Amino acid sequence: MFKLFIIFLLTVTLSHNLYASLKKDELKNFLSQEMKLGKKDLNLPIWEVLNKDGKLQAYTFETYDLAPVLGFSGGKMNMLVTIDLDGNFLDVNLLDQDEPVFVSGLGVVPFLEFLEQYKQKNLSSNIKVGKQITVSNTVYIDGVSKATASVKIANDSILASSIKVASQKLSGVAPKQIRNAKKDLFEKLTFKELLEKRLITNIKIKKGDIEKLFKDSGFENNSFKENKDDVFLDLYIANLAIPSIMNNLLQLETQEEIKNQITQTQEPIIIFANGEHQILSENFVPNTSPDTFEIIQDTFPIHINDGDYEIQFLDNIPNFNQAIILDVDKKYNFDPSSSWLFNLKFLRGDTTLYSTPILKSIDFEIKTPNRYFETLEKKEEQALWLSSMIEQKNKLIILSIFLTVLFITLYKYQTLLEKLRYKRTFILLITLFFIGWYGQGQLSMVTILGFVKAILNSQSLNFLLYDPFSLIIWFFVFISLIIWGRGTFCGWLCPYGVLQELSYYFARLLRLPIIKVPQKLSDKMTYIRYIVLVLLILSVIFAPKITEYLIEIEPFKTSITLIFDREIPYVLYALFWIFLSMFIFKGFCRFICPLGAFLSLAGKLKFLDWLPRRKECGNPCNNCYKNCNYNAIDKKDGHIKYDECFQCLDCVQIYSDDKLCKILIKNAKDKKITSWRKTND
């Protein structure tokens with residue numbers, strides 16, 4: 001049967017269309033009434049979104065077209081993202097997903113609520129799933145309990161596809177690293193030296209420069225023409241986040257006020273000047289954003305706000321009749337170490353019945369020397385699966401230690417035989433509480449089917465990396481399969497199996513009857529699990545939409561992943577097998593479990609028959625056979641059927657105990673008789 005199963009897998013060639021396929025009429029249904037769908041881009045699989053005036057407002061696209069990331073089940077995960085020209089997420093709609101925890105576990109509502117959080121978040125922010133740990137420009141959104149891997153994959157897909165669009169269509173919106181001022185670099189400098197080192201940018205605007213702006217506009221000023229070489233505005237701009245500027249420019253009181261008021265996501269920029277031109281309008285209101293100038297970086301205006309500071313220069317600084325300190329917002333990717341533009345506006349004319357004023361502007365490039373900013377190590381973008389590993393490093397270390405100890409313990413199984421029941425129960429409780437309910441490491445056919453689905457569709461297997469906790473267990477299980485067979489997982493590392501086993505021994509305390517399935521019937525019933533396995537694999541190939549429902553034959557999601565927090569029918573089904581185990585030992589594991597069937601087939605690759613046997617086992621002694629709860633020992637010759645063996649070591653304990661093993665008891669008696677005869681001869 002094993003060979004037939006392998007041949008079946010190798011001959012499967014059918015694949016499915018996993019690509020996004022919404023048509024124009026279907027896309028329109030996702031837009032609000034104020035927006036309409038424009039034309040499709042020639043280079044990218046994205047569509048223009050127009051406002052009610054027919055002007056470009058946003059882009060909409062399917063994540064799977066741009067970043068085809070598979071879900072945790074190995075199936076397609078596809079969202080429709082609408083993002084405006086400033087990089088704000090207008091909407092994120094779920095189009096397709098087959099994550100088991102959302103299909104029939106928690107339901108799809110928690111996933112939809114998760115996607116709602118993206119609205120009005122900006123792509124330039126570093127959006128992460130989880131709780132905020134430090135103060136930064138990173139934006140954190142809430143995950144979904146018991147579905148962390150799935151929502152992290154969704155976040156990865158949304159950001160990856162959006163960044164591709166932003167890099168080609170929304171200049172300056174894609175997230176970038178920001179270099180902040182060095183707080184430990186201070187140089188004692190005079191005002192003249194600050195100018196010479198370009199720490200302060202000086203801009204002199206002459207009247208002739210302004211007159212050129214308004215040439216042929218009807219708002220010429222003859223006085224400006226006649227005095228074209230006169231300085232109209234003597235302007236100075238500097239970044240106060242740099243200690244060498246703030247400490248050499250401002251009095252201590254002003255410095256303290258700035259330090260107490262400014263946040264980590266703001267940069268204090270000072271603008272001071274002399275001249276006829278007023279850098280602030282007469283109607284300017286403190287603590288608001290000035291309308292007479294703006295800061296621009298990468299073609300995008302940066303949010304600025306008056307900090308309303310009481311500005312006091314040091315005594316050795318020249319006098320200035322105008323000054324303002326701005327709080328510049330860095331949350332939207334303003335990088336003070338990179339060059340930026342100071343756009344200064346000039347207005348002439350008044351609004352009357354017969355005329356309207358004219359606004360002109362001049363851009364000035366501002367660039368502070370790099371040596372005053374932190375040096376960022378050039379690093380590649382960290383993969384989300386690697387971030388997941390780093391976040392769970394403590395849990396993964398504990399798991400690795402536990403598995404290592406278990407491996408050594410099983411290899412030196414003699415150390416377990418004394419008080420086996422107590423030692424085994426202790427290990428099983430670790431499996432249930434740490435691996436199962438805490439670590440969410442219950443292995444399932446979901447992963448195997450996801451693997452098959454990915455292979456059939458020539459997709460990446462990266463989805464396996466999003467759950468490193470389970471991946472480590474899978475790695476351990478496959479190593480143990482090659483050495484010992486399926487029993488290491490089924491007997492020691494399956495949390496749901498632990499629930500059944502504990503249920504059985506609890507029933508013994510209550511003195512409930514045991515239902516022993518006859519070996520012939522038991523041998524036939526084991527084929528049920530292979531039938532279930534084949535049906536699941538066939539469903540993935542020919543009817544993938546129903547796989548999510550068929551997989552519910554495994555009660556793992558209900559009992560371990562969701563800890564029985566689910567609809568009553570699912571809970572009753574999971575409890576049924578636990579209740580049945582009070583009478584029939586681990587009935588689900590032995591007769592129904594498709595994962596057990598898969599591991600039994602894979603376990604045929606093992607190279608060790610490691611559990612000890614004697615030639616007398618089975619005949620005349622069948623004590624191990626009678627005491628094997630799994631019917632994994634042949635009655636006739638006493639050999640162990642490793643396809644059915646869960647490696648509980650009960651038989652090894654009997655084998656090694658001269659009070660339990662009939663052969664050892666007989667040998668001991670024979671030895672005594674021989675010794676007695678020698679003594680009496």
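Buried means under 20% relative accessible area, exposed over 50%, and partly exposed in between, with a 1.4 Å probe and protein chains only. The views below show a predicted model, in which local features need pLDDT of at least 70 and side-chain atom pairs count only at pLDDT 80 or more, while totals for chains, interfaces and linings use all residues. Residues are numbered from 1 along each chain as its sequence is written, and side-chain values use heavy atoms, with hydrogens and water left out.

**View A. Glutamine 647 in the loop between α27 and α28.**
Glutamine 647 counts as buried because its relative accessibility is 1%. The loop that holds glutamine 647 runs between α27 (623-627) and α28 (650-656); helices (H or I, at least four residues) and strands (E, at least two) are DSSP runs, numbered from the N terminus. Phi of glutamine 647 is positive, near 55°, in a residue other than glycine.

**View B. Glutamine 440 in the loop between α15 and α16.**
Glutamine 440 is not a glycine, yet has a positive phi of about 55°. The flanking helices are α15 (420-438) and α16 (445-456). At 24% relative accessibility, glutamine 440 counts as partly exposed.

**View C. The salt bridge between arginine 529 and glutamate 644.**
A salt bridge is a side-chain nitrogen of Lys or Arg within 4 Å of a carboxyl oxygen of Asp or Glu. Here the N to O distance is 3.1 Å. The pair links distant parts of the chain, with arginine 529 in helix α21 (residues 527-542) and glutamate 644 in the loop between α27 and α28, 115 residues apart. Arginine 529 and glutamate 644 are both buried. A search of the whole structure finds 20 salt bridges.

**View D. The salt bridge between glutamate 552 and arginine 566.**
The closest N and O atoms of glutamate 552 and arginine 566 are 2.8 Å apart. Glutamate 552 lies in the loop between α22 (544-550) and α23, and arginine 566 in the loop between α23 and α24, so the pair ties together parts that are 14 residues apart in sequence. Glutamate 552 counts as buried, at 9% relative accessibility. Arginine 566 is buried as well, with a relative accessible area of 11%. Elsewhere, salt bridges that share partners join Arg421, Arg424, Glu501, Lys586 and Asp650 into one network. For arginine 566, the flanking helices are α23 (556-561) and α24 (568-580). The side chains of arginine 566 and glutamate 552 are also joined by a polar contact of 2.8 Å. A polar contact is a pair of N or O atoms within 3.5 Å; within protein, one must be able to donate a hydrogen and the other to accept it, and residues adjacent in sequence count only if both atoms are side-chain atoms.

**View E. The salt bridge between aspartate 91 and lysine 119.**
In this pair the closest N and O atoms are 3.8 Å apart. Aspartate 91 lies in strand β5 (residues 89-96) and lysine 119 in the loop between α5 and β6 (126-129), so the pair ties together parts that are 28 residues apart in sequence. Aspartate 91 is buried, with a relative accessible area of 16%, whereas lysine 119 is partly exposed, at 32%.

**View F. Buried residues in helix α5.**
Phe111, Phe114 and Leu115 are buried in α5. These residues are on the same side of α5 because they cover an arc of only 95° around the axis, the arc being that of the directions from the helix axis to the C-beta atoms. Valine 109 also lies in α5 (residues 109-116). Valine 109 is partly exposed, with a relative accessible area of 46%.

**View G. Aspartate 41 in the loop between β1 and β2.**
The loop that holds aspartate 41 is flanked by β1 (36-40) and β2 (46-50). Aspartate 41 has a relative accessible area of 19% and is buried. At 2.8 Å, the side chain of aspartate 41 reaches the backbone nitrogen of leucine 44.

**View H. Strand β11 beside strand β15.**
β11 and β15 (residues 340-348) pair in the antiparallel sense over 4 bridges; two strands pair if DSSP finds at least two bridges between them. Glutamate 294 stands opposite asparagine 343 in β15. Strand β11 (residues 293-297) is mostly covered, with 4 of its 5 residues buried.
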